[in-house]
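Here is a short report on the fold, the helix packing and a few local features. Keep the sequence and the 3D view open while reading.

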Amino acid sequence: MYNNVLIREIRKEDNPQLAFIVRSVLAEFNAAKPGTVYYDPTTDDLYSLFQAPHSAYFTVVADGEIVGGSGVYPTNNLPEGCCELVKLYLLPQTRGKGIGKILIEKCVVAARQLGYTSMYLESMPELNTAIGLYEKLGFTHLTGPLGNSGHYGCDVWMVKRL
């Protein structure tokens, strides 16, 4: 277990490590496929992406090392009052310690503070552990996508009322 875990707002210097984490986790779960954030050029500059109005991204720092992150984003064409929970990735040694749950809860609080009333997410069957966590935290399955994330490689869609 870590002695010191900090969840803070993203910084520009976090970009290389966060891009590495996103891509390595997708590769770990055999989910590094077209139509996912693995190939999305914004993955290399999350800091700039999350300067968009009504967005937020949080970096997880454990014992001084960046080990993951997640954010809230106003994805195009989502229903009124809805944001997307995006780019939730944690290094393997960080999982199973409750950090993902705390990170999602921080994103929910941020979404409420930004005025959102619901939160949408996209995932893949390969990330079934995360899907189980989403279900435990009140996300329900949808039969199709909302909005226009551009991530056509995702085929699990969920939403939660805030």
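**The first helix**

In this predicted model, the buried residues of α1 are covered by a set of elements that includes α2 (46-49), β2 (56-62), β3 (65-73) and β4 (82-90). Which residues of α1 are buried? They are N15, L18, A19, I21, V22, R23, V25 and L26. In an α-helix, 3.6 residues make a turn, so residues three or four places apart point the same way.

Helix α1 covers residues 15-28, which is 14 residues. From first C-alpha to last, α1 reaches 20 Å. That is close to the 20 Å expected at 1.5 Å a residue. Just after α1 comes N30, with a positive phi of about 55°.

**The sheet**

Seven strands need an order. The open sheet of 7 strands reads β1-β2-β3-β4-β5-β7-β6, and its pairing is mixed. The edges are taken by β1 (5-9) and β6 (140-141). Each has a single partner strand, so one side of each is left without a neighbour in the sheet.

At one of these edges, β6 is joined to β7 (residues 156-161) by 2 bridges, and the two strands run antiparallel. Here T140 stands opposite V159 in β7.

Two helices lie against these strands. Helix α3 (residues 99-113) packs on the sheet and touches β1, β2, β3, β4, β5 (118-123) and β7. The direction of α3 makes about 155° with that of β4. Helix α4 (residues 128-136) lies across β4, β5, β6 and β7. Its direction runs at about 25° to β7.

**Strand β3 and its partners**

Strands of a sheet pair through backbone hydrogen bonds, either parallel or antiparallel. How do the two partners of this strand run? β2 and β3 pair in the antiparallel sense, over 7 bridges. β3 and β4 also run antiparallel, joined by 5 bridges.

Two cross-strand positions help to fix the register. Y57 stands opposite G71 in β3. G69 stands opposite Y89 in β4.

β2 and β3 form a hairpin, with 2 residues between them. In that turn, D63 has a positive phi of about 50°. Of the 9 residues of β3, 7 are buried, so the strand is largely enclosed by the rest of the structure.

**Aromatic pairs**

The count of aromatic pairs comes to 4. One of them joins F50 and Y73 in an edge-to-face arrangement. Their centres are 5.6 Å apart, with 80° between the planes. This pair links distant parts of the chain: F50 sits in the loop between α2 and β2, Y73 in strand β3, 23 residues apart.

Is F50 buried or exposed? F50 is buried, with a relative accessible area of 6%. Y73, at 21%, counts as partly exposed. The cut-off matters here: buried means under 20%. Ring pairs also bring in Y57, linking F50, Y57 and Y73 into a cluster.

A second edge-to-face pair is made by Y134 and F139. Their ring centres are 5.8 Å apart and their planes stand at 65°. Y134 is buried at 6% relative accessible area, and F139 is buried at 3%. F139 has a charged neighbour too: the charged end of K160 sits over its ring, 6.0 Å from the centre.

**Positive phi angles**

Residues with a positive phi are worth a look together.

| Residue | Phi | Location |
|---|---|---|
| N30 | about 55° | just after α1 |
| D63 | about 50° | turn of the β2 and β3 hairpin |
| N77 | near 65° | loop between β3 and β4 |
| K87 | near 50° | strand β4 |

Of these, N77 and K87 have accessibility values to set beside their angles. N77 is exposed, at 62% relative accessibility. K87 is buried, with a relative accessible area of 10%. N77 takes its positive phi in a loop, between β3 and β4. K87 takes its positive value within strand β4. Neither residue is glycine: N77 is a residue other than glycine, and so is K87.

Conventions
Residues numbered from 1 in each chain as written. Predicted model: local features only at pLDDT ≥ 70, side-chain atom pairs only at ≥ 80, totals over all residues. Heavy atoms only, no water. Helix = DSSP H or I, 4+ residues; strand = E, 2+ residues; numbered from the N terminus. Expected span 1.5 Å × (residues − 1). Buried < 20%, exposed > 50% of the residue type's maximum accessible area, 1.4 Å probe, protein only. Contact = heavy atoms within 4.5 Å. Pairing = 2+ DSSP bridges. Axes fitted to C-alpha atoms, helices over the stretch in contact; angles between N-to-C directions. Phe/Tyr/Trp six-rings, centres within 6.5 Å; stacked < 30°, edge-to-face > 60°. Lys NZ or Arg CZ within 6 Å of the ring centre and 35° of its normal.
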